[in-house]
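Q: I should like to learn how to read the backbone and the overall fold of a structural model. Could we work through an example together?

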Amino acid sequence: MDTKFTWHEQRTTTPDGVYRVLRTAILDGSVPPGEQLRETHIAADLGISRSPLREALTRLEEEGLVVKIPFKGSFVVEVSARDIAEIAAIRMLVEPYAAELSAATLRGPERPRLKQTIEELYRATDTNDIPASIDSHLRFHRLFYEFSGNAALQALWNGWENKLRLYFAIDHPTYNDLHEIAVEHERLAEHALEGDIDAFRREMESQFHNALRAQEVAIPGIHPHI
């Protein structure tokens, strides 16, 4: 059955407003990976013309959340178990190093930005705002790569981010208490700022184990011990 699209804010005919509606539906799991976004259906639900809808779909395609297939239509991008397992395995190796390289900057001039990101993650998880929690989750990890001073590490993260966004859209709703995501990431931040990279790595291992174990049902083939 097709998803029913509704406005979560004042109705608007702008592409940006339509983009937010569709993006929220994708990231909160209302529209699952692989499902087609039928233009006629969405336009009727939202009471809009095709023009802003197509602009919104193009923006989502640029963001990596939607793929357009000629003569078939627009579909939510699918993320495979293998994709996630491979990314997780590499992250376990390189993210502690990125945290080590970025620690001095995050302890110094970028400390307020790290603190703000954690606060945003708490706020999003405590209000059960799945899209906002995903955005904050990604911003948190991006900080380590961004301030590592290592272009190769930054390029790795940029290549992973869209797939991780889709994975988190499936992963976040599996938590019994979404607040725990913020608690886990505050611990990661503390370990990084203290320069305890071994503790940072152990915390990552624990988080990956829990998240991937929860994912076994949603994405068959992912195994927790990676």
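**Backbone and fold**

A: Let us begin with one loop of this predicted model. Phe71 is placed in the loop that joins strand E2 (66-69) to strand E3 (73-76).

Q: What is the phi of Phe71?

A: As a general idea, most residues other than glycine have a negative phi. Here, Phe71 has a positive phi, near 70 degrees, although the residue is not glycine.

Q: Is Phe71 buried or exposed?

A: A residue counts as exposed when its relative accessible area is over 50%. Phe71 has a relative accessible area of 89%, so this residue is exposed.

Q: Which loop holds Asn128, and what is the phi of Asn128?

A: Asn128 sits between helix H5 (111-126) and helix H6 (130-146), in the loop. Its phi is also positive, near 55 degrees. With 54% relative accessibility, Asn128 is counted as exposed.

Q: How many helices and strands does the chain have, and in what order do the elements run?

A: The chain contains 9 helices and 3 strands. Starting at the N terminus, their order is α-β-α-α-β-β-α-α-α-α-α-α. The radius of gyration is 18 Å, close to the 17 Å given by the globule rule for 226 residues, so the chain is as compact as a globular protein of that length.

Q: What share of the residues is buried, and what share of the contacts joins distant positions?

A: Of the 226 residues, 48% are buried. Among contacts with a separation of 6 or more, 71% are between residues 24 or more positions apart.

How values were computed: Residues are numbered from 1 along each chain as its sequence is written. This is a predicted model: local features need pLDDT of at least 70, side-chain atom pairs count only at pLDDT 80 or more; totals for chains, interfaces and linings use all residues. Side-chain values use heavy atoms; hydrogens and water are left out. Helices (H or I, at least four residues) and strands (E, at least two) are DSSP runs, numbered from the N terminus. Buried means under 20% relative accessible area, exposed over 50%, partly exposed in between (1.4 Å probe, protein chains only). The radius of gyration is taken over C-alpha atoms; the globule rule is 2.2 Å times the number of residues to the power 0.38. Contact means heavy atoms within 4.5 Å.
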